[in-house]
Amino acid sequence: MSKKILVLPGDGIGPEIVAEAVKVLDCLRQDHGLDAELAHGLIGGAAYDACGKPLPDETLRTALESDAVLLGAVGGPAYDALDRPLRPERGLLAIRSEMALFGNLRPAILYPQLAEASALKPEVVSGLDIMIVRELTGGLYFGEPRGIRTLDNGERQGYNTLAYTESEIERIGRLAFETARRRDKRLCSVDKANVLEVTELWREIMTRLAGEYPDVELSHMYVDNAAMQLVRAPKQFDVLVTENMFGDILSDCAAMLTGSIGMLPSASLDRNGRGMYEPIHGSAPDIAGQGVANPLATILSVAMMLRHSLGEPALADRVQAAVGAVLDQCLRTADIHTPDTRRVGTVEMGDAVVAALRAA
Ligand code: IPM
Ligand code: MG
């Protein structure tokens, strides 16, 4: 049966990079037997502009009827002054929550061709291949109560809540153990159990689950130390699992190890394998509309979609190989450009990936 993919370009560089990923999907449909239908929708600031809401009902309805969603990015300075519920980021959080996409997979892989682009020494990062499993629908981002209130003394106070139930911890834990099982079988659970009760429970449940996955070696690390270790000796890690906001921060940190945040895809999964796929970088308003953004993270997000939601692992391998081929051809967008390589724009990079797919 034909698979349904909802495409949500969003804001900033979102439409430019998503257009290149759609070319890749079209090529797979035409030449490689991918049976999929594409629908397009609005999210974020683009949706606010068109209909006054960052997540229109129609977008959500279509997303819930789709097998997978491909998202560009949301947000931009034009929307920063809006009331909080109307901001583009709220649209993104709402679709993650409404689709129950609790499991966020964020790989950080250093392509050998890009070793020079990393800010770290080549020996620290060469061969890097880590996977961050970020909890995505709970924790500090969603905890209640939250808000800004006025205290009796007239001073205002902002507050959020970091809360996890046992079942929320258990389901992200299982995804992480299963992910580690398919890799190097080492899982590091990141918490702040020396200070926060919520992560004391997190640690207890991860430890209990380890009994069911005897083939996976579980370790624990405090989040501050994990941030340091990611920069000091990142290759010690295989899979990391952590709370929503810790994962937001650590995944940006891990991204820079690879040279550019413009290279990293992500998958956000529900318990049935339906997912939303997005580059982990943001909408980059400073370079939007210039045709210079790197589309490879979005194209690699298509590869994750093929693997995790569309049941097409062989096509996922092909897309990844095509990205490797364009890097071998020394084509580089501005973010990964080094003196001895050829600088290309967004469209040229997308065309080169499609050409590599056709040649394969
Ligand atoms: C990410 C982003 C989002 C997040 C923002 C845009 C709400 O930083 O996907 O990492 O914090 O989750
Ligand atoms: Mg982030």
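1. Helix 11 and helix 12 are oblique to each other (a class for angles that are not under 35 degrees, over 145 degrees or from 65 to 115 degrees), because the axes of helix 11 (residues 313-328) and helix 12 (residues 346-359) cross at roughly 120 degrees and come within 8 Å. Axes here are lines fitted to C-alpha atoms over the stretch in contact, with angles running from 0 to 180 degrees between N-to-C directions, and helices (H or I, at least four residues) and strands (E, at least two) are DSSP runs numbered from the N terminus.

2. This is a predicted model, in which local features need pLDDT of at least 70 and side-chain atom pairs count only at pLDDT 80 or more, while totals for chains, interfaces and linings use all residues. Residues are numbered from 1 along each chain as its sequence is written, ligands are numbered from 1 and chains lettered from A in the order in which they are written, and side-chain values use heavy atoms, without hydrogens and water.

3. In the contact between these helices (heavy atoms within 4.5 Å), Arg318, Val319, Ala322, Ala325 and Val326 of helix 11 meet Met349, Ala352, Val353, Ala356 and Leu357 of helix 12. The residues of this contact divide into nine nonpolar, no polar and one charged.

4. Around ligand 1 (a heavy atom within 4 Å) are Glu89, Leu92, Arg96, Arg106, Arg134, Tyr141 and Asp248. An oxygen atom of ligand 1 is 2.7 Å from a side-chain N or O atom of Arg96, and for Tyr141 the corresponding value is 2.6 Å.

5. Glu144 and Pro145 are joined by a cis peptide bond, with omega about 0 degrees, and Pro145 lies in the loop between strand 5 (129-135) and strand 6 (147-150).

Definitions and conventions
Ala, Val, Leu, Ile, Met, Phe, Trp, Tyr, Cys and Pro count as nonpolar, Asp, Glu, Lys and Arg as charged, and the others, Gly among them, as polar. A polar contact is a pair of N or O atoms within 3.5 Å; within protein, one must be able to donate a hydrogen and the other to accept it, and residues adjacent in sequence count only if both atoms are side-chain atoms.
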